Amino acid sequence: MKILLANVIPEETRMAVIEDGRLRDFSVERHDETHIVNHIYKGVIQNILPAMQAAFVNVGRKKNAFLYLGDLFPRAATKEEIQQTHLSVGQSILVQVIKEEQAMKGAKVTANVSIAGRYAVLMPTVDYIGVSKKIRDEGERDRLRRITAAVKPTGMGLIIRTVAKGVSEAELLADIRYLLGSWSSIQERYKLAKKPKLLYREADLVMRMVRDYFTHDVKQIIIDDKDSYERVCQVFSDNETMQRSCLSWYREETPLFEKYDIEAELHRLMDRQVALPSGGTLIFDHTEALTVIDVNSGKYTGNSTLEETIFFVNKEAAVEIARQLRLRDIGGIIIIDFIDMSKAERRDEILRILERETSFDSAKTRILGMTALNLVEITRKKARQGLRQVQYGTCDICGGSGVLYSPESVYIQIVRRLRHMVAHRLVSGDLLVSAHKDVLALLSDKKTKSALEQELARTIYLEESRHPNREVFSILSYRE
């Protein structure tokens with residue numbers, strides 16, 4: 001059974017999913033204008049790059065959005081239809097954000113709009129009826145298709161979500177009609193807007209939590225904010241009394257996330273090293289292009305052969321990696337370096353475990369296979385900023401590299417600089433060196449300092465720098 005937790009303050013909303021007493025999913029959203037995924041805008045084409053098959057679109061934000069030209073047309077459009085259509089700078093288009101703005105890039109948008117409801121997703125640009133693959137009962141799938149076909153407008157598409165399984169016809173139709181009404185309103189706003197403008201705002205994290213995570217196996221929804229609790233109550237209709245009974249407004253003195261031991265686990269999500277139950281470890285390293293995960297056996301020595309020990313750690317790692325990808329919301333290209341396995345059937349078993357565990361992920365995840373070096377390639381859809389980008393900024397001391405010169409390296413830099421300054425007469429008289437305390441510990445060694453003073457033929461005075469970066473130092477002529 002699952003429990004949904006929502007911690008809401010004016011500045012931020014956090015959502016956690018607990019399954020069988022363990023954190024399964026986590027999301028955080030700041031209450032600012034940076035979260036724009038699924039927002040729909042009226043845009044104006046600012047620039048067209050035929051060689052890149054792309055256009056840059058002004059949607060009323062500081063950075064122009066990136067649009068792949070193929071997305072300007074319905075999914076069913078033929079190549080000839082696309083070639084016959086002429087696009088021009090200044091042309092208005094309706095677009096939806098599919099990837100948030102990055103530090104150096106604008107948002108990525110598409111013209112293939114979709115609007116998610118509780119039981120269905122409306123796709124106005126494609127004529128299609130789909131039912132979630134997680135609904136396996138053919139009788140139920142046929143029932144849902146029949147209900148949908150009765151109200152679906154020609155030329156539009158609808159996908160029935162997993163949570164629609166078993167709902168009444170009236171509830172499903174009400175949700176579909178709500179989506180159609182929303183689309184009609186968006187079209188009207190598009191016609192009336194004279195310049196780039198936001199036409200539709202995606203639901204906030206609390207409402208998305210109910211929409212996307214509230215399924216039949218959810219035992220409780222606990223929200224610690226009264227206004228958010230009342231908004232969620234309005235989602236459920238009068239004939240959903242059993243579902244409304246799952247809702248509760250948390251008012252205890254102990255903070256909600258501390259009550260359920262979530263805070264400590266959230267701090268661990270930022271650790272570079274993740275411990276496995278057996279004693280093995282995972283090491284996470286992030287680069288601009290991809291995320292690399294290294295699997296180590298650590299303290300685990302096993303009770304059987306080396307091959308069995310390696311296989312056990314790799315199986316344990318595969319399960320935890322899928323969980324960490326969800327919790328940390330790591331997207332893009334992911335490379336996993338498993339411990340080498342000689343048997344092909346065991347490598348295949350690891351891939352099956354990864355596919356099984358990532359199938360529960362709400363973000364589209366693809367397992368692309370394992371190389372001869374036991375490297376597994378994964379892609380995971382990256383729409384919003386990951387936990388790392390939301391929670392952390394670049395270090396002012398190391399500049400984001402995560403490393404600094406060692407005290408020995410800085411000491412050598414100072415000595416080299418001293419020799420250069422004295423040889424070229426850039427300073428006169430005795431010298432004052434201001435440096436970090438760890439560097440001064442090396443410079444203040446009596447034997448080292450005496451030899452250097454003798455070499456330079458002048459006295460060296462030392463002063464502790466208050467700068468937190470040990471790489472920073474200064475050399476001046478000493479004046480009493």
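Are Arg-326 and Asp-25 buried or exposed? The exercises below use a predicted model.

**Exercise 1. Describe the pair Arg-326 and Asp-25.**

Solution.
Step 1: Arg-326 is buried, and Asp-25 is buried as well.
Step 2: Their side chains meet in a salt bridge, with 3.7 Å from N to O. A salt bridge requires a nitrogen within 4 Å of a carboxyl oxygen, so this pair counts.
Step 3: Arg-326 belongs to helix 9 and Asp-25 to strand 3, and the two residues are 301 residues apart, so the salt bridge links distant parts of the chain.

**Exercise 2. Find the salt-bridge partner of Arg-30 and compare how accessible the two residues are.**

Solution.
Step 1: The partner is Glu-12, and the closest N and O atoms are 2.5 Å apart.
Step 2: Arg-30 is in strand 3 (residues 22-30) and Glu-12 is in strand 2 (residues 12-19), so the bridge ties together parts 18 residues apart in sequence.
Step 3: Buried means under 20% relative accessible area. Glu-12 has 15%, so Glu-12 is buried.
Step 4: Arg-30 has 27%, so Arg-30 is partly exposed.

**Exercise 3. Classify both residues of the salt bridge between Glu-252 and Lys-259, then place this bridge in the total.**

Solution.
Step 1: The closest N and O atoms of Glu-252 and Lys-259 are 3.3 Å apart.
Step 2: Glu-252 has a relative accessibility of 46% and is therefore partly exposed. Lys-259, at 43%, is also partly exposed.
Step 3: In a separate group, Glu-19, Arg-24, Asp-25 and Arg-326 form one network through salt bridges that share partners.
Step 4: The total count is 28 salt bridges.

**Exercise 4. Locate Asp-329 and Arg-425, and state what is notable about phi in each.**

Solution.
Step 1: Asp-329 sits in the loop between helix 9 (306-328) and strand 19 (332-337). Its phi is near 55°, which is positive although the residue is not glycine.
Step 2: Arg-425 sits in the loop between helix 12 (407-423) and strand 22 (431-435). Here too phi is positive, about 55°, in a residue that is not a glycine.
Step 3: Asp-329 has 27% relative accessibility and so counts as partly exposed. Arg-425 has 75%, so Arg-425 is exposed.

**Exercise 5. Name the residues of the positive surface patch and describe Lys-108.**

Solution.
Step 1: The patch consists of Lys-99, Lys-105, Lys-108 and Lys-382.
Step 2: Lys-108 lies in strand 8 (residues 108-110).
Step 3: With 35% relative accessibility, Lys-108 is partly exposed.

Definitions and conventions
Residues are numbered from 1 along each chain as its sequence is written. This is a predicted model: local features need pLDDT of at least 70, side-chain atom pairs count only at pLDDT 80 or more; totals for chains, interfaces and linings use all residues. Side-chain values use heavy atoms; hydrogens and water are left out. Patches are made of residues with over 30% relative accessible area and no salt bridge: like charges are joined within 9 Å, nonpolar side chains (Val, Leu, Ile, Met, Phe, Trp, Tyr) within 5 Å. Accessible areas come from the Shrake-Rupley method with a 1.4 Å probe; for residues, only the protein chains shown count as cover. Lys and Arg count as positive and Asp and Glu as negative; His and the chain ends are not counted. The place of a charge is taken as NZ of Lys, CZ of Arg, CG of Asp or CD of Glu. Helices (H or I, at least four residues) and strands (E, at least two) are DSSP runs, numbered from the N terminus. Buried means under 20% relative accessible area, exposed over 50%, partly exposed in between (1.4 Å probe, protein chains only).
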